[in-house]
Amino acid sequence: MIKNVALTNKQARRFMLLKQGLIGDYKFSGKQGVLDFVRQAGCIQFDPIDVCGKNPELVLQSRVEGFTKQMLYSLLYEDRKLLDYFDKNLSIIETTDWPYFRRYREAYKTGGRSHDEVNAVCEEIKNIIREKGAVSSADIGFSDTVDWYWSNAKLSRAALETMYFRGELVVHHKKGTTKYYDLAENCIDAELLNAPEPYPDELEHQKWRVLRRIGAVGLMWNKPSDAWLNIWELKSAQRNEIFRQLLSEEKIMEVTVDGIKDKLYCLSTDRSLLEAVLQETELRDRCELIAPLDNMLWDRRLIKTLFDFDYKWEIYTPKEQRKYGYYVLPLLYGDRFIGRVEAIRDSKAKTLVVKNIWYERDVKRTKELQTAIDDCLHKFAVFNECKKVSVTNLS
């Protein structure tokens, strides 16, 4: 098997976009398409802020033909084929991946903030759930304040979240941003719930997680990166050894890209995608709005190097220091990022309000491009259950 390949910059961009399902015809469609993408990506990062859709919904609307928010909710809380849990920070994963995270659940059983206070009420909380069904923190009392990770919190919240970290509880459903927890045994099949960890060896487990993250992004380099977040104890020495072994086992391929000094790596199973871009296969240009925590953007230095697009999510930047806006989405057209869009959903008026579009300096504003953007915004409005689009400003 060939272990390395050389690409032009454009070919590398097209490979990543083809892998992500963001160029050419849609490769993911409907409810099954949601599952197919999550299986490919390993996880989608979750964030609860909803300005024009939550992050996982935004990830899926750009890739899955016909996607609706109800599809994701149904897969999570009705079909239970997907699950809220930690992977790259708080994420959505396939329920069948439950056994792979056993070591993290076990670690939370012996540590964590306010450990003694939480342990004192766990059995009582389980009994409440057995009697009442799924509960939120407001349903169970325990209003004493305890030390918690981001700030002091009520014991009810700390206990529910700790039991969730430990795998004793799972998110049964949500109402807005409120989580309702149920016993894991009520939501996950016993065989899966009690399955042994597939990779009990630490290095083998880390190899599985690194391979999974490479597949989630499409192309990655062997460098410190936010793409490796929440892979415990992954220091540079371990990462170097993992890349060496994955290459030796022919699970990844080395990719050289014109103008980039660092080697990039992709999954060996993506060979057919490499062949497609090397053959310069014609691909339909699509215009899509990309989520702020999109899988493809997990390493923003890589995106800057490969796409010459410098993106920062300014949601935590003080207003007076923002260059663009509070919740701004990258705008993709064809094989490049052409700008960024700030849009909000006005649910009362059923209107998608586009507050601004900032174009990259060298973008030519042709009629063809404008038509593609208009179509993209219309699709985005439908995704947000809006009947019309209002564009208030253009940069």
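Visitor: In this predicted model, how much space lies in the second largest pocket?

Guide: Rolling a probe the size of a water molecule over the atoms shows where empty space is left. Here the second largest pocket holds about 470 Å³ of space.

Visitor: Which residues lie nearest the centre of the second largest pocket?

Guide: Among the 18 residues that line the second largest pocket, those nearest its centre are Asp 308, Asp 310, Tyr 324, Arg 340 and Glu 360. Two or more lining residues come from each of α14, β16 (336-346) and β17 (351-359), and β16 gives the most, with three residues.

Visitor: How does the lining of the second largest pocket divide into nonpolar, polar and charged residues?

Guide: The lining of the second largest pocket has seven nonpolar residues and eleven charged ones, with no polar residue.

Visitor: And what should be read from the largest pocket?

Guide: About 970 Å³ of space lies in the largest pocket, and of the 36 residues lining it, Phe 46, Asp 47, Pro 48, Leu 90 and Trp 150 are the closest to its centre. The elements giving two or more residues to this lining are β6 (89-94), α8 (155-165), β10 (178-183) and α14 (300-307), and α8 gives the most, with five residues. By class, the lining of the largest pocket divides into 16 nonpolar, eight polar and twelve charged residues.

Visitor: Where does the largest pocket lie with respect to domain 1 (111-188) and domain 2 (287-391)?

Guide: The largest pocket lies between the two domains, because domain 1 and domain 2 both give residues to its lining.

Terms used: Residues are numbered from 1 along each chain as its sequence is written. This is a predicted model: local features need pLDDT of at least 70, side-chain atom pairs count only at pLDDT 80 or more; totals for chains, interfaces and linings use all residues. Side-chain values use heavy atoms; hydrogens and water are left out. On a 1 Å grid over the protein atoms alone, a cavity is a set of points where a 1.4 Å probe fits but cannot get out, and a pocket is an open set with protein on both sides within 12 Å along at least five of seven lines; lining residues have an atom within 4 Å of a point. Grid points are joined across faces, edges and corners, and a volume is the space filled by probe spheres set on the points. Helices (H or I, at least four residues) and strands (E, at least two) are DSSP runs, numbered from the N terminus. Ala, Val, Leu, Ile, Met, Phe, Trp, Tyr, Cys and Pro count as nonpolar, Asp, Glu, Lys and Arg as charged, and the others, Gly among them, as polar. Domain bounds come from an automatic or database domain assignment.
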